[in-house]
Amino acid sequence: MSTQSLPLSPVTCHSSQLLRARYLLPRAGEPAIEDGALLIVGGRIAAVGRYSALQDRAVQVIDYGDAVILPPLVNAHCHLELTDFPQWATECGETIEPESFVGWIRRLIRVRRALGGDPVPASVTAGIRQLLTAGTGAVGDILTTPAALAPLLASPLYGRIFFETIGLDAERFVPSLAAALASARSLAYPLSGGVSPHSTYTVSSRHLKRAVSAGLPLAIHCAESPEESLFLREGRGPIAEELYAAADWPLPEHAPGLSPVAWLAAQGALSPQTLLIHGVQVDAADAAVIAASGATVVLCPRSNVRLGVGTAPIGLYQATGVHLALGTDSRASNDSLSLWEEIAFARSVYPELAPEELLAIATCGGARALGLGQEMGVLTAGSGANLQVLTATNLPPQTELAAWLCCADHQVVALWLAGIERLGQDVPC
Ligand SMILES: [Zn+2]
């Protein structure tokens with residue numbers, strides 16, 4: 001388990017810096033600027049253009065050479081608390097991968113309940129470091145306890161922290177929701193707060209409506225597995241017969257008879273402030289409902305394949321104009337928290353998404369979903385000085401840059417957040 005402390009060696013010593021590289025990609029989908037440069041003044045981007053046009057405007061020049069400067073990635077859904085889950089599972093003897101979605105949930109609950117001490121803050125710290133070293137500048141994270149908040153507040157990350165609440169039991173839900181709301185309201189930019197009613201099958205209608213009425217941003221696991229759809233439509237299947245029985249939860253008297261997306265919409269839970277996590281079991285009518293609501297679907301392709309729940313219907317999302325973002329989900333269902341690796345995997349399972357679209361989803365799509373606007377996801381005069389620098393043995397021609405970026409065959413050598421370099425590389429200073 002990691003005991004490394006944050007923040008990571010910042011480099012900041014000049015009021016005006018000019019970063020130079022062979023390519024500068026101001027925004028996914030736009031052409032990269034060759035021999036590009038970016039001027040930082042007072043922690044913000046003052047100008048972007050060719051090096052020759054900006055070279056006289058800075059006190060200090062940092063030349064990254066054969067490299068690409070581009071916006072940081074936005075991991076719009078993860079559970080940093082579970083970063084050390086693989087070690088925990090091994091320590092608990094839970095080494096066999098479950099063969100079903102509900103089996104995976106039950107294993108997760110068993111491991112969490114078996115943990116001794118308070119390993120969560122160290123697990124969050126390890127996750128933060130993994131995000132930063134993978135060029136991630138913002139996160140949409142789910143926390144179950146405010147005790148895990150301190151490492152995030154000490155980190156340079158931007159984003160939104162969603163405090164989880166599970167609500168089938170009124171006695172448990174009301175104080176749980178009150179605590180989640182209080183924690184969420186204590187946060188402010190650049191790490192704002194939200195609430196996460198866990199899922200369509202772990203929160204009752206009454207409780208979800210109460211959470212919605214608070215008016216805070218929401219993140220909800222929805223339409224992930226066929227088992228969830230069966231439970232919502234017919235009130236039966238492994239969620240009823242295994243999960244509810246194991247948790248000793250009472251089954252609802254009547255199944256809603258709706259798809260998970262339709263059920264969320266019926267509770268008033270879909271809005272432009274909502275992150276609908278997964279969105280795999282979605283038909284054309286569901287996609288139209290999501291699009292009309294303005295909610296964002298956060299795609300988690302590696303987790304979906306790992307749990308055997310299917311693949312999100314990208315074609316439907318493109319046809320209806322649903323806002324999209326990308327997340328890794330947790331280390332309980334993924335091999336890493338690297339969004340570059342998630343992008344590379346997404347290329348293989350979402351052939352409908354062009355590399356430029358995928359990069360846009362992983363940068364400005366996530367920034368939009370987390371309420372970060374122009375502060376993250378674009379490199380333009382007036383924006384926050386948030387960027388990453390990638391290198392590789394052989395950079396491609398400019399016309400192949402987007403496809404190359406989606407291959408993950410490159411290395412993050414610098415990550416600047418709020419005008420400060422956070423990876424502690426050998427940057428001349
Ligand atoms: Zn999740």
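This passage describes the nonpolar core of a predicted model and three features of its backbone.

The largest nonpolar core comprises 141 residues, and within it L38 and I69 are the residues with the most contacts. Helix 15, which spans residues 355-369, supplies the largest share of this core, namely eight residues. The core draws on both domains, with at least three residues coming from each of domain 1 (16-71 + 378-421) and domain 2 (74-374). For I69, when neighbours within four places in sequence are left aside, the contacts are L19, A21, L24, G36, L38, Y64, L387 and V389; L38, itself named with I69 for the most contacts inside the core, is thus one of the contacts of I69.

Turning to the backbone, a cis peptide bond is found between Y189 and P190, with an omega of about 10 degrees. P190 lies in the loop that runs between helix 6 (170-185) and strand 9 (191-197).

Positive phi values occur in two residues that are not glycine, D248, where phi is near 60 degrees, and H278, where phi is about 95 degrees. D248 is placed in the loop between helix 9 (238-247) and helix 10 (260-266), whereas H278 belongs to strand 11, which covers residues 274-278. The surroundings of the two residues also contrast: D248 has 6 other C-beta atoms within 10 Å and is therefore classed as exposed, the cut-off for this class being 12 or fewer, while H278 has 29 other C-beta atoms within 10 Å and is therefore classed as buried, for which 20 or more are required.

Key: Residues numbered from 1 in each chain as written. Predicted model: local features only at pLDDT ≥ 70, side-chain atom pairs only at ≥ 80, totals over all residues. Core = buried A, V, L, I, M, F, W, Y, C linked by C-beta atoms within 7 Å. Helix = DSSP H or I, 4+ residues; strand = E, 2+ residues; numbered from the N terminus. Domains from an automatic or database assignment. Contact = placed C-beta atoms within 7 Å.
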